[in-house]
Amino acid sequence: MKMNRRAFLGKTALVTASLAAPAVLADGHGKPRVVVIGGGAGGATAARYIAKDSKGAIDVTLVEPTRRYYTCFFSNLYLGGFKEMEDLGHGYGGLAASGVNVVHDWAIGVDRDAKTVTLAGGSSLPYDKLILSPGIDFVEGAVPGWDITAQNAMPHAYKAGSQTELLKAQLMAMPEGGTFATVAPPNPYRCPPGPYERVSMVAHFLKANNPTAKIIVADPKPKFSKMALFQEGWANHYEGMIDWIGEDFGGGNVSVDPAAMTLTIDGEETKVDVCNVIPAMKAGRIAELAGVTDGNWAPVNAADMSSKADPDIYVLGDASQQGDMPKSGFSANSQAKVCANAVRGVLTGSKVFPAKFSNTCWSLIDTNDGVKVGATYEATPEKIAKVDGFISQTGESAELRKTTYEESEGWYTGITSDMFG
Amino acid sequence: MQQAFWVIFSACVTVASAAVAADDLGDAEAGQAVFAQCKGCHQVGEGAKNRIGPHLNGLFGRPAGALEDFKYSKSFQRAAASGLEWHADTLDAFLENPRSYASGTRMSFRGIKNAKDRHDVIAYLRLFSDDPANIPEADPTATATDHDLDPAILAIQGDPEYGEYLSSECTTCHQADGGDDGIPSIVLWPEEDFVIAMHAYKNKQRQHPVMQMMAARLNDEEIAALAAYFNRLEN
Ligand SMILES: Cc1cc2nc3c(=O)[nH]c(=O)nc-3n(C[C@H](O)[C@H](O)[C@H](O)COP(=O)(O)OP(=O)(O)OC[C@H]3O[C@@H](n4cnc5c(N)ncnc54)[C@H](O)[C@@H]3O)c2cc1C
């Protein structure tokens, strides 16, 4: 029952037409060129895998304005005091070492006919294939009274970095017995358990430093990710501290006044000390400028993450509209590898294997009380479709919860070295 | 007579050794100091070579007298032929009194009389064998249930190139450089152990929900491909 490789590849792998006739798309200019916009979970992974696996056969340029990427994942743990800000920062030196040309600039336009990307610095980058992984921006007017100019008074902290530090500083400066409010976003949004892990971490901090303080969560949704697990954890660890107001009680009917520091829920105004407004989200603006969005997100084909609007553009991560996967760093990383394999196949004729996707999201509720949810996915003609999944159970032993937390730390090291080398 | 003793003895210890939990081992750090008295003849750790005595890497689960490039005494060759394997309990008995255990051994060492010292040095040596935290099939926590796998599945030759593609799903959590904080290392495993472990997840004999889910959709060839790839991964 020994199998030779040819026989088994014939059985299991999708061999694209390009294998028979390697497409030389780089007509007239030597090596094929890939430009990646956004050096986060999706973009950094895609750039690194294409450069690493093509062994120099493809020119890969990554456009990313910041010199240091602060992960949103684990940024709630920073709020809770479990991580330092510097634990979350990653530079791009490893990508440069794997052969990626890293350009620190903003992409401000995409000319799909000329196949070029315009940078804020004035230059223009030609591409054969363009990968967009710009993350999210906020929907204007989503929370009446809030706009991006109010982000200092009422931080979103949903892009990690200075916003996260600001929210932590405000948390630390809260008066004794004060009120911390979170305005949660409607679906779909980045990191479904994110707001609730954040509430848990804020509660952890307050329990130790300001135990009479209160937390209000105004939520436009009737239920949320890992709800039973979070509610069990809140009752066990932070009894009486957290008031979650869901859709049924007007949690979706909110407005804020950043100057007066008030939050109005279903007509009832409350004075708050910290107000973490997480508005409705949409694809990072460059996706819209490139003309690949339909509504708030960019629809893609599940098999290779190519845009439904343009076969030479791929959209990864939060910005994409792909089907069943949650918008997470794990998902973006998983999609990036499928995309990298496909792009390399088209440009150099390398083997293209069937798409497989997976995701696991860990959340920390309190010290050593970690929970997780995850699933595997496959590409169907319509979408990325869920195959199988699991979720932590309520009532699990403390030991299992501790192991789950330790696993999340291992995952963090794993994914960040997978992204940045 | 001696022959018969070995057969019976080793039959017992193979069964018993499965029951020795990792926690029953001694304190590896203290064991490092005890090992000082062995160093004159034995090397262990990275780059260890045979000297007066054989090197002691990968000792756990190794049959006695098994290193091809070391010339063992007759006494050890006999022990090897009768199926003696090194596990926590055989090592313990041997170290207590080497001569009474293998009368003709060239190991001119009086033995370690203090039981704690023996357990500590065994724990220290344990560090240089397959790590049961990463490979639960490894001695001394090996579980028999994982091993009733169809030999045809074990015989599949994995394609490391396909494994490399598939591996990108693993490296989101398992570090490619073999780091193992919070999530076990999966690099450089013996291919067979890897295949057995993955099938144990697939068949739900091993309990981890993420791994059960990941393994569930890998077919036999894909598991073999991953085993081949990670086994060869160099850093
Ligand atoms: C509080 C919080 C907790 C989270 N926890 C987890 C978790 O535990 N696990 C998990 O898997 N996920 C988690 N996430 C989600 C995860 O952070 C995102 O899903 C992931 O970062 C998405 O990757 P991406 O590549 O789509 O976008 P990002 O990682 O945001 O990367 C986008 C990059 O594009 C750049 N960019 C944007 N526009 C341009 C432009 N015009 N030109 C050039 N560059 C541009 C940005 O600077 C940014 O670096 C969490 C998120 C939050 C907010």
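Which element gives the largest share of the shell around the ligand? Helix 10 of chain A does, with 3 residues.

## Basis of the model

This is a predicted model, in which local features need pLDDT of at least 70, side-chain atom pairs count only at pLDDT 80 or more, and totals for chains, interfaces and linings use all residues. Residues are numbered from 1 along each chain as its sequence is written, chains are lettered from A and ligands numbered from 1 in the order in which they are written, and side-chain values use heavy atoms, with hydrogens and water left out.

## The ligand site

The ligand is surrounded by 34 residues (a residue is near if one of its heavy atoms lies within 4 Å). The closest are Glu64(A), Tyr69(A), Ser133(A), Arg190(A) and Asp318(A). By class, the shell holds 17 nonpolar, 11 polar and 6 charged residues. Here Ala, Val, Leu, Ile, Met, Phe, Trp, Tyr, Cys and Pro count as nonpolar, Asp, Glu, Lys and Arg as charged, and the others, Gly among them, as polar.

Backbone atoms reach the ligand too. A polar backbone atom of Gly42(A) lies 2.8 Å from a ligand oxygen. For Ala41(A), a polar backbone atom is 3.2 Å from an oxygen of the ligand. A backbone N or O atom of Ala107(A) is 2.9 Å from a ligand nitrogen. The ligand on its own has 990 Å² of accessible area, and the protein covers 93% of that. Accessible areas come from the Shrake-Rupley method with a 1.4 Å probe; for residues, only the protein chains shown count as cover. Helix 3 (41-54), helix 4 (75-80) and helix 10 of chain A are the elements that give two or more residues to the shell. Helices (H or I, at least four residues) and strands (E, at least two) are DSSP runs, numbered from the N terminus.

## Nonpolar cores

The largest nonpolar core has 154 residues. Such a core is a set of buried Ala, Val, Leu, Ile, Met, Phe, Trp, Tyr and Cys residues joined through side-chain atoms within 4.5 Å. Val117(A), Ile131(A), Ile215(A) and Trp411(A) touch the most other members. Helix 10 (residues 329-348) of chain A gives this core its largest share, 8 residues. Apart from it lies another core, of 30 residues, including Trp86(B), Ala88(B), Ala102(B) and Ile122(B).

Beyond four places in sequence, Ile215(A) has contacts (heavy atoms within 4.5 Å) that include Phe180(A), Val199(A), Leu206(A) and Met241(A).

## Buried polar and charged side chains

Arg48(A) lies in helix 3 of chain A. What is its burial state? Arg48(A) is buried, because its relative accessible area is 13% (buried means under 20%, exposed over 50%, partly exposed in between; 1.4 Å probe, protein chains only). Its side chain reaches the backbone oxygen of Asp418(A) at 2.7 Å. This is a polar contact: a pair of N or O atoms within 3.5 Å; within protein, one must be able to donate a hydrogen and the other to accept it, and residues adjacent in sequence count only if both atoms are side-chain atoms. Arg48(A) also touches Leu95(A), Val100(A) and Phe420(A), among others.

Gln163(A) sits in helix 6 (residues 162-172) of chain A. Gln163(A) is buried, with a relative accessible area of 6%. Leaving aside neighbours within four places, Gln163(A) is in contact with Gln151(A), Asn152(A), Pro155(A), His156(A) and Ala157(A).

## Chain B and its helix 10

Chain B has 11 helices and 0 strands. Of its 235 residues, 50% are buried. Its accessible surface is about 11200 Å², 55% of it from carbon and sulfur atoms.

Helix 10 (residues 209-216) of chain B is mostly covered, with 6 of its 8 residues buried. Those are Val210(B), Met211(B), Gln212(B), Met213(B), Met214(B) and Ala215(B). They pack against strand 22 (356-366), strand 23 (369-379) and strand 24 (384-391) of chain A, together with helix 9 (191-202) of chain B.

## Backbone features in chain A loops

The peptide bond from Asn187(A) to Pro188(A) is cis, with omega near -10°. Pro188(A) lies in the loop between strand 11 (179-183) and helix 7 (194-209).

Asp266(A) has a positive phi of about 50° although it is not a glycine. Asp266(A) is in the loop between strand 15 (262-265) and strand 16 (268-271), and is partly exposed at 46%. Asn368(A) has phi near 55°. Asn368(A) falls in the loop between strand 22 and strand 23, and is partly exposed at 29%.
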